[in-house]
Amino acid sequence: MTGLSAERQRVLAARVGLVRSMERGGLVLSARMAEAFLNVPREPFVPVFYRREGDRFSPWAGTRPYTEAWLAQVYADDSLITEVDGVHAEDAGPGPVTGVPTSSSTAPGLMADMLDALDVRQGTRVLEIGTGSGYNAALLCRLAGQAHVTTVDRSKRLTDTARDRLEALGMAPTVGCADGAEGAPEEAPFDRVVATCSVRRVPAAWFDQCAPGGLMVVPVKGALAGGAIAWLQKRADGTAVGRFLHTPAAFMPLLTGPQSAPTPPEIPETPEVPEAEVGSVRRVSELSGSVLDDWTFSFFAYLHLSASTVRSFRQGPDGTHVTVLFDPLDNSYARVTDHPSGPGATVLTSGCRDLWEPIEKAHAHWLGLHRPRREWFTLHAAPDRQTVAYTAPDGREWRWDL
Ligand SMILES: C[S@@+](CC[C@H](N)C(=O)[O-])C[C@H]1O[C@@H](n2cnc3c(N)ncnc32)[C@H](O)[C@@H]1O
């Protein structure tokens, strides 16, 4: 046996291992999905990716013959970060970098769940927003046929590289460098629209470019951790109706314009800022800030925060959990410092609104509704208004504007 064929066998074994581990993780893979993941390699799309070490990221290149450790990471059911603050792992120096991840290859289990919900068959016309590494586009080519796939990313570095890598595997979908918020008007209409970056609301262009009866699978997320995946069907009247997948997902945001990822507010090192200094109000809350780390609640909380609110949190040296909510539109600010032992928090607010109050109310409401799960909510979307609704078993209905 030659060295190369031994390596090929190891790669194939790793790919089989990935499909098995996705199934062990509770995902029921359709035969089409398993076939696609077994036949599309991941390693050509992520020859170098970043390893996270605390708040630093170090590039890790796969040199031939691949080491067991590198191959295991490529075929783990994990996302692989490929870009930090716009610096591709392949362009980074050998040392670690800090910053915000701006592109990654999504965890395969999540990709499989989304692709399965997208229900792609041979000949289905698909638009993907967020080409990234190109691995998901390759899976779409396998499922739909390369001639029917269009994928766009805002980064030319990413689209040029992905196009080359897809071509090397004999796949030639339409790969465009554009603001995905505009879709791909020259290739429309599409039977399917899938985004691999998150939005607060589904952009109007995606509706317009989705054919009636077509499906959209779109990560929806605000400032909080627990984003959700919306699954929508376009209706003949131009609106779309659907639900949320069970799987939580925290995709990086769709960035429009030249800006980089939104910067969360700074949390001062000393949590105890004197009240007079910041013109703030201090009060006690029965609710700990860490409640927002609970992804089952944070989906519900997200419905109660304005679109412009950002959140950051950190663990103090003594383990104290500190959450900050900040709305740059009116400079309202809430710092929620959890009590070191037991529930509750000290809340310091400034500006014209108490940003913690809607979260407290939302939490009480959520408990009163018996902690409804994201997949029990429906989404009604029109280009001008998008609402999330929940109907309780007793028939009462609630509705929130996105
Ligand atoms: C999670 S990654 C995509 C993963 C990709 N599908 C893959 O298989 O590797 C999210 C991508 O969204 C892209 N993105 C962010 N804002 C965008 C925009 N306005 N238009 C198009 N792409 C955007 C980022 O550049 C990034 O590559």
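**Helix crossing and sheet order in a predicted model**

The crossing of H9 and H10 is right-handed in this predicted model.

User: What makes H9 oblique to H10?

Analyst: Happy to walk through that one. The axes of H9 (residues 295–302) and H10 (residues 357–368) cross at roughly 120° and come within 10 Å. Roughly perpendicular covers 65 to 115 degrees and roughly antiparallel begins over 145, so the crossing counts as oblique.

User: Which residues meet where H9 packs on H10?

Analyst: From H9 come Phe 297, Phe 300 and Ala 301, and they meet Ile 359, Ala 362, His 363 and Trp 366 of H10. By class, that contact holds six nonpolar residues, one polar and no charged ones.

User: Now the sheet. Why are S9 and S21 called edge strands?

Analyst: Good place to look. The sheet is open, with 10 strands in the order S9-S8-S7-S10-S11-S12-S13-S19-S20-S21 and mixed pairing. S9 (174–177) and S21 (397–401) each have a single partner strand, so one side of each lacks a neighbour in the sheet. On average, neighbouring strands here are turned by 20° against each other, ignoring direction.

User: How do you know that S7 and S10 pair?

Analyst: Pairing needs at least two bridges, and four join S7 (residues 126–129) to S10 (residues 190–195), so these two strands count as paired. They run parallel. Within this pair, Glu 128 has Val 194 in S10 as its bridge partner.

User: What packs on the sheet, touching S8 and S9?

Analyst: That is helix H6 (residues 156–168), whose direction makes about 165° with that of S9.

Definitions and conventions
Residues are numbered from 1 along each chain as its sequence is written. This is a predicted model: local features need pLDDT of at least 70, side-chain atom pairs count only at pLDDT 80 or more; totals for chains, interfaces and linings use all residues. Axes are lines fitted to C-alpha atoms, for helices over the stretch in contact, and angles run from 0 to 180 degrees between N-to-C directions. Two residues are in contact if their C-beta atoms, placed from the backbone, lie within 7 Å. Angles under 35 degrees count as roughly parallel, over 145 as roughly antiparallel, 65 to 115 as roughly perpendicular and the rest as oblique. A crossing is left-handed if the near helix is turned anticlockwise from the far one by less than a right angle, and right-handed if clockwise. Ala, Val, Leu, Ile, Met, Phe, Trp, Tyr, Cys and Pro count as nonpolar, Asp, Glu, Lys and Arg as charged, and the others, Gly among them, as polar.
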